[in-house]
Each structure stands twice: as C-alpha cells, then as structure tokens.
Amino acid sequence: MHALQTDLNDQLADRHFAGIAEVIERRVGIKLPQTKRTMVEGRLRKRVRALGLTGLGAYGAQLFDKGGLDSELVHLIDCVTTNKTDFFREPSHFEFLRDVAVPELARRQSPRPLSLKVWSAASSSGAEAYTAAMVLQDMINAGKHLRFSILGTDISTEMLEQARKAVYPCDFVVPVPAPMQQRYLMRSRDPRKDVVRVSPELRRQVHFERLNLMDDNYPFDRDVDVIFCRNVLIYFDTPTQQRVLSRLISHLRPGGFLILGHSESMAGSALPSLRTIIPTIYQAGTSISRRSAA
C-alpha cells in the first residue's frame, strides 16, 4: 500500500506539466497535449533518479520554482522527444537514391566525378545516415565514380552520442541485407555482447551535429544534393512544417532532392519551389532562394 501511494503521488503538478508543454512547443515545435502526460511522466522519471530527487513534484519545482530550467533543458528535450528509427526504413527511398537520384545528379555534374552531399535532418541514433552510406559505398564498390559525405543532425544529444558510437544490438540491424552486414558491420569481440558496430570505412564518411529544426538558421552547407527529413514533420503544426521545409530547401542545390516520410507527403506538395517526383520525394527547381527562410 505504501508503494502504491508513493506512485500515485509521483506525478507532475498541473502547472508544471503545462510549463513543460509550453517550453517544448516553443523550443522544439512539438505539442504535448494532456493525452501525452503519462508518457512524459514515465520518461522524466529517469531524470528524477539521475538527479537524486524525491519525485516528479520535486523535478517540476526544480525546473520552474528554483531556476533549473536552463541547465536542464537539453535533458528535458532528450526525454520527451520521440526517436524512432530503423535501418532501411521505407526502403523504396534508398532504392530511389541508388537508381534515380545518384545517376541524375551525376549527369548534372558531368564530366566531373560526382561529389555527393547527403543530409539526414532528423537522424536519431544514426540508422538512416548509415543506411545511405551503405547504399552509396556499395555503388562505389560496384564501380560508380563518386565521393560522398553524410551529415546527420538531431536535437537529442543522447541520440547523437549513440549515432557517433555506431554500436547497435544485433536484432536492430536485421533489416540490413546479409551481404551489407558482412561488409559494413563488425561483431563484438566479446561473445557475451550481442552487438555490432558500423565499420570505420563508413564512420569516416558520416558525421553528426546537434540541430533544432525550429532554429531560424541552419549553419550547414547550401549545396546539399539529398536531404532526408522523414517522420518528424508529423509532430509539427502546418505553419511550422512550412517554415522548417523552407529552411531545409534553402540548403538544396538546384536539382537536389528532398525525401519526406510517407505520412508527410502533403507538407512537401504545398511548396511551389519543389517539384513532386513521386509522393514523398521532391526535386528543387533552379529558382530556389539561397537565403534561409525566417
């Protein structure tokens, strides 16, 4: 009975949950309605333990009554944002990269060998970025004359740390075709650890940086060939979606491609500076403004 009573009391005060929801929407663009409250409280309990606090009530007070919000903000964002990713998620997008995007971009840069820049704009733990690297490195191994670099960005410092380590459970990499697993994934020397690590060959081609898509400017190159921004826009309202997409496409070179998630196709079709190739895949025209959208 005592444990049950403790659990019932370990909740955020209404004003503290409202404060967290307001901060997350303002800083990250994600809405946290009351229906998400139990999820938020569950995720924040690990921060309560890490900080040695007595419960969620004390955590809320630490944020809003004792001036702790600024120092805790990065951890708060890490806890409440969703980081769902898989290797070869929506595989048709990577087939398009290999069979359509790279050949077309190579023709545009001819007679020079293609130097390809790819941006995974919501990279989470890195599976999307490393999937693209496997596809492109396989093309090189097959004789395609190209070089590539991949940037992965995410708001979560925890996910970025995982991405840089590039260590994954073996069951997480099941979607990677067996030949690619043999070429690009290394099993742990410790037989007790059921993990793999992405090969140094690929890790050298991929780097990760923290970015909040709500920022007014993105401090990255403006001649990117392919941008993946999949399954993150669904958390934004329509005006925020349009602002984020406008900023992203200002970093695409003319003729470059923007690839969205299957549930986000309507967001891309609303931008006149993009040409729809197939639903979820868009091509930048030659009239795109090179300035960042506000």
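# Notebook: a walk through the model, starting at threonine 280

**Entry 1, a residue to begin with.** I began with threonine 280, which is buried, with a relative accessible area of 2%. I should say right away that I am looking at a predicted model. Where does threonine 280 sit? I found threonine 280 in the loop between β9 and β10. I then looked up its backbone: phi is near 85°, a positive value in a residue other than glycine. I also checked a neighbour in space, and glycine 261 lies 6.2 Å away, C-alpha to C-alpha, although 19 residues separate the pair in sequence.

**Entry 2, the hairpin around it.** Next I looked at the two strands on either side of that loop. β9 and β10 form a hairpin with two residues between them. In what sense do β9 and strand β10 pair, and over how many bridges? I noted antiparallel pairing over four bridges, with β10 covering residues 281-284. One pair I could pick out is isoleucine 278, which stands opposite isoleucine 281 in β10.

**Entry 3, the seven-stranded sheet.** I followed the hairpin into its sheet. Seven strands make up this open sheet, and I wrote their order down as β6-β2-β1-β7-β8-β10-β9. The pairing in this sheet is mixed. Which strands stand at the edges? They are β6 (206-210) and β9 (274-278); each has a single partner strand, so one side of each is left without a neighbour in the sheet. From one strand to the next, I read an average twist of 20°.

As a reminder to myself, strands of a sheet pair through backbone hydrogen bonds, either parallel or antiparallel.

**Entry 4, a parallel pair.** I wanted a parallel example to set beside the hairpin. Strand β1 (residues 114-120) and strand β2 (residues 146-154) run parallel, and seven bridges join them. For tryptophan 119, I looked up the bridge partner in β2 and found leucine 151.

**Entry 5, the loop after β1.** I carried on along the chain to serine 124, which is placed in the loop between β1 and α7 (127-141). Is serine 124 buried or exposed? At 3% relative accessibility, serine 124 counts as buried, since buried means under 20% relative accessible area. Serine 124 also has a positive phi, about 50°, although it is not a glycine.

**Entry 6, a helix across the sheet.** I turned to helix α11, residues 238-249. Which strands does helix α11 lie across? I listed β1, β7 (224-229), β8 (252-260) and β9. Against β8, helix α11 runs at about 140°.

**Entry 7, the three-stranded sheet.** There is another sheet to record. Three strands form an open sheet in the order β3-β5-β4, with antiparallel pairing. Its edge strands are β3 (167-169) and β4 (185-187), each of which pairs on one side only. The twist here averages 35° from one strand to the next. I counted three bridges listed between β4 and strand β5 (residues 195-198), in the antiparallel sense. Leucine 185 has valine 198 as its bridge partner in β5.

**Entry 8, stepping back.** With the parts in hand, I looked up some overall values. The protein has twelve helices and ten strands. The C-alpha trace spans about 70 × 50 × 30 Å along its principal axes. How does the radius of gyration of 21 Å fit the 294 residues? A compact globule with 294 residues would have a radius of gyration near 19 Å, and the 21 Å of the protein agrees with that.

Buried residues make up 50% of the 294 residues. Among contacts with a separation of 6 or more, 74% are between residues 24 or more positions apart. I noted an accessible surface of about 14500 Å², of which 52% belongs to carbon and sulfur atoms.

**Entry 9, how confident the model is.** Finally I checked the confidence. The pLDDT averages 88 over the protein, and 91% of the residues score at least 70. Over residues 1-6, however, the pLDDT is below 50, and this stretch has zero contacts in the model beyond near neighbours in sequence. The pLDDT also stays under 50 over residues 287-294. For residues 287-294, the model has 24 contacts beyond four places in sequence.

Definitions and conventions:
Residues are numbered from 1 along each chain as its sequence is written. This is a predicted model: local features need pLDDT of at least 70, side-chain atom pairs count only at pLDDT 80 or more; totals for chains, interfaces and linings use all residues. Side-chain values use heavy atoms; hydrogens and water are left out. Two strands pair if DSSP finds at least two bridges between them. Axes are lines fitted to C-alpha atoms, for helices over the stretch in contact, and angles run from 0 to 180 degrees between N-to-C directions. The radius of gyration is taken over C-alpha atoms; the globule rule is 2.2 Å times the number of residues to the power 0.38. Buried means under 20% relative accessible area, exposed over 50%, partly exposed in between (1.4 Å probe, protein chains only). Contact means heavy atoms within 4.5 Å. Accessible areas come from the Shrake-Rupley method with a 1.4 Å probe; for residues, only the protein chains shown count as cover. pLDDT is the predictor's confidence in each residue, from 0 to 100.
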